Structure formats: C-alpha cells, structure tokens
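Biologist: I should like to learn how to read a model of this kind. Please take me through its features one by one, with the general idea before each case.

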Amino acid sequence: MMGKLLRFSIFGESHGKVVGCLIEGMPPGIRVDTTEIKKDLERRWGIRESSSSRREEDTPEILSGVFRAHTTGAPIAIVLKNRDAKSSYYEEIKYTPRPGHSDYTASVRYFGYNDYRGGGFFSGRLTAAMVVAGYFARKVLEREGVRVRGYIKRIGDIEANVSLENLFSSALLCPDEEAWEKMKRRIEEIRKEGDSIGGIVESVAIGVPAGLGGPFDDDLEGELSRAFFAIHGVKGVEFGAGFRFSVMKGSEANDNLIVRNGKLETNENNMGGILGGISNGMPIVARVVFKPTPSIYKEQKTVDLRRMENVSLKLRGRFDTCIVPKAVVVIESMMAFVLADHLLRRYSYLYFMNDKI
Ligand SMILES: Cc1cc2nc3c(=O)[nH]c(=O)nc-3n(C[C@H](O)[C@H](O)[C@H](O)COP(=O)(O)O)c2cc1C
C-alpha cells in the first residue's frame, strides 16, 4: 500500500480480466463522476505517433466505497476491464526475455509463476489504475486549491520551454507548440526505424501550502520519488534545479526569501518547492526520466532460458514507441496522490494544534 492516511494499491495483469485499484482513507462526501475519471484515462492514451494500437475504452466500474455519487469513507475498489489483449504472441518469447524489460527479473522473483502475457503485472497497462487513484487524490487537493499539471519536457534531444502560466492554461501534452511538433516528428522517425525513444516529464503542483512532509521517512522528495519509481520505465527523478546543482555556487543556488503581498515567498525556485523534505509554499517542480520503451522491432541478443544458449530475438506484437506521452497523466496522478496524503496528514496536526492554542 502506498501512502499513510490516504493509501492505495493496484492489482491486475496486462492480459488478465481487469486492472484496478483499492483506495483506503478517502474522506467521505466527495462527489465522484465516472465521466471525469474516463476523461483522465483518455489522456493516458497518449498520441497516435507514439502509442501501440492497443486501445482500451476504459470504463471504470466502481465496486465499493461510492454511494449515490459520493465517497462513503469505506475502501474504494475500482476495476477496468481488459478487452483488447492479444496474448498468443507472448508464448513465443516465454523463455527468451526481452532486453530492457522485466521478463527475466520477474521470472526469477516469482519462480517462473509470473503471468508473462503482455508483461503481466509489470505492464504499462497497470498505470491506468494509478490514474484512477489520482482522480480521487485530485478531488482532495481541489478543495484546498492545489493543482497538479505535467507536460513533456523532453523527447530525445528536443527540449520544451514552458512557463508556469503557459502550463496551467494549456491542454496540450507539451505547451511549447514548436518543440511539440518536432517531438512528434522525431517519434514518428523512430517508429519507422522499429526503435524506441525516451524522455522527461516535468510535473508541477501549485497552491501547495508550506509545511507538508518532514524529515526522514516523511520526506516529501523521498515519498514523491518512491511514487514515481513505482511507474514502469522510470529511471531518474530530480527536483528544482536537480542535477544542475552540481555546477552551481551557493550564491547561485540559494533561493532568496522575500515578502510578497504579506506572504513569504522565494525569488527563485531552484529548490523546487521543498526544503528539509517539507514544502515551502512555492510550486513543487519534479522532473522524471523515462527510458526508451524496452520492446523494439530491431534484432537484439538474448538468452534462451531453457537451453541457456545465446539467441537472437526479433519481436512482433504491439508496443509504444515512446512511453512519455502516455506517462504525463500518470506522473500527475502519483504526484497528486502523495500530496493529498500529506495534506490530510498535515490537517490532523493543524486540528490538534489549533485545539490547544
Ligand atoms: C504508460 C506505459 C506504457 C508502457 N508501454 C510499454 C510497451 O509498449 N512496451 C514495453 O516493452 N514496455 C512498456 N512500458 C515499460 C515497461 O512496462 C517497463 O520498462 C518494464 O516493466 C520494466 O520496468 P522498468 O523499466 O521500470 O525497469 C510502458 C510503461 C508505461 C509507464
């Protein structure tokens, strides 16, 4: 289970009956609209240029925890049926693990009992369940005026330049339209080569009050990172200036404090809104790196596990050329979930403190 006061876990397999999530600790009385959940799930389809031809309609089926369109406070179980899975192809590669994929490690970890069809529990399909959980988290955040929005920062060597205003007023996966056109062309070229490509999603949360998180295991950077790394294909996370800090001086890195309209803010936001593992009231800025999709159509080397022989592998099947366009809403969802959990945790302290003052 991820989270402390607000918790969720996911279940299902890529080619099993369903994928779904179980959410616990959701406050009661929150209005739920399945058409809104569906809209979030549609954002996970990504774009034609980069996505596999598998297309799941994804109509969420709420099994518990919602009554008369409102949360009841009881555990919420939601499933999404798998309808467009084609499994026969995976029999061919059962003993020849795909390079870059979890086929080998999953078979070792589960003693060969893992469902290998479509990557089983390790499939990107499971991220649909994360998006459903994210919907509920956003409902908690909405009440406090917290908004989370992600975009495609980079595909290969093409980088977007997006301001905060532009990000929160645009519905595009990448609000830098010039860079976006280049990115789509690049993905299309890579697709034609039978290869894949990686990139970066930047996600920003605004309206986050100061004081969420803490040191040690409550560390907001730590908890956000853990949530991001739970997404398949993630290989790196940074906050604020991130890895650029390595070439900065303290005088360049430190965010100067300032009072603006009676509110404490910082002039810059190199810290990405977090200090000491605790939010400082500035926008929380995280960047998440996705590796190129492991499944590619080019010939690769692998091992036949039955004979322990080196063999070559030429994949067939349906794969995403680039994970990143599908992943934007997934990153937003995980960020929203961690922040909603921390917001509820913070409330319990605020209530206690006010009571005593
Ligand atoms: C939204 C999404 C879609 C994905 N689509 C594919 C895919 O079509 N083919 C593939 O090989 N991997 C795909 N992946 C990545 C694999 O699931 C992932 O690389 C694999 O499970 C190994 O895990 P790791 O990369 O985190 O180590 C996808 C991941 C996400 C988040």
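Modeller: Let us begin with contacts. Two residues are in contact if their C-beta atoms, placed from the backbone, lie within 7 Å. In this chain, residues 24 or more positions apart account for 71% of the contacts with a separation of 6 or more. Please note that this is a predicted model, in which local features need pLDDT of at least 70 and side-chain atom pairs count only at pLDDT 80 or more, while totals for chains, interfaces and linings use all residues. Residues are numbered from 1 along each chain as its sequence is written.

Biologist: How many helices and strands are there in the chain?

Modeller: Helices (H or I, at least four residues) and strands (E, at least two) are DSSP runs, numbered from the N terminus. The chain has nine helices and 17 strands. Its radius of gyration, taken over C-alpha atoms, is 21 Å, close to the 21 Å of the globule rule (2.2 Å times the number of residues to the power 0.38) for 357 residues, so the chain is as compact as a globular protein of that length. Along the principal axes, the C-alpha atoms fill a box of roughly 70 × 50 × 35 Å.

Biologist: What share of the residues count as buried?

Modeller: A residue is buried if 20 or more other C-beta atoms lie within 10 Å of its own, exposed if 12 or fewer, and partly exposed in between, with C-beta atoms placed from the backbone. Of the 357 residues, 40% count as buried. E36, found in helix α1 (residues 34–43), counts as partly exposed because it has 14 C-beta neighbours inside 10 Å.

Biologist: Which residues of α1 are buried, and where do they lie around the axis?

Modeller: The arc used here is that of the directions from the helix axis to the C-beta atoms. I37, D40 and L41 are the buried residues of α1. Their arc is only 100° around the axis, which puts them on the same side of α1. T35, K39 and E42 are exposed on the other side.

Biologist: How does the end-to-end distance of helix α6 agree with its expected span?

Modeller: The expected span of a helix is 1.5 Å times one less than its number of residues. For the 16 residues of α6 (residues 177–192) this gives 22 Å, and the end C-alpha atoms are 23 Å apart, which agrees. The buried residues of α6 are W180, M183, K184, I187 and I190. Because these fall within an arc of 125° seen down the axis, they line one face of the helix. The face turned away from that buried side carries the exposed residues E178, E181 and K192. Among the elements covering the buried residues of α6 are β7 and β8. Just after α6, G194 takes a positive phi of about 75°.

Biologist: What is the strand order of the sheet that contains β7 and β8?

Modeller: Two strands pair if DSSP finds at least two bridges between them. This open sheet of five strands has the order β8-β7-β9-β15-β10, with antiparallel pairing. β8 (158–159) and β10 (234–239) stand at the edges with a single partner strand each, so one side of each is left without a neighbour in the sheet. Two bridges join β7 (residues 147–155) to β8, and I155 has I158 in β8 as its bridge partner. Helix α7 (residues 220–229) lies across β10 and β15 (284–290), running at about 155° to β10; axes are lines fitted to C-alpha atoms, for helices over the stretch in contact, and angles run from 0 to 180 degrees between N-to-C directions.

Biologist: Which strands stand at the edges of the sheet of four strands?

Modeller: That open sheet has the order β1-β2-β6-β3, with antiparallel pairing. Its edge strands are β1 and β3 (61–64), each pairing on one side only. The twist averages 20° from one strand to the next. Helix α4 packs on this sheet, touching β1, β2 and β6, and its direction makes about 30° with that of β2. Of the 17 residues of α4 (residues 127–143), 14 are buried.

Biologist: How many residues lie between the two strands of the hairpin formed by β1 and β2?

Modeller: Five residues lie between them. β1 (residues 7–12) and β2 (residues 18–24) pair in the antiparallel sense over six bridges. A hairpin is also formed by β11 and β12, with two residues between them, and N261 in the turn has a positive phi of about 50°.
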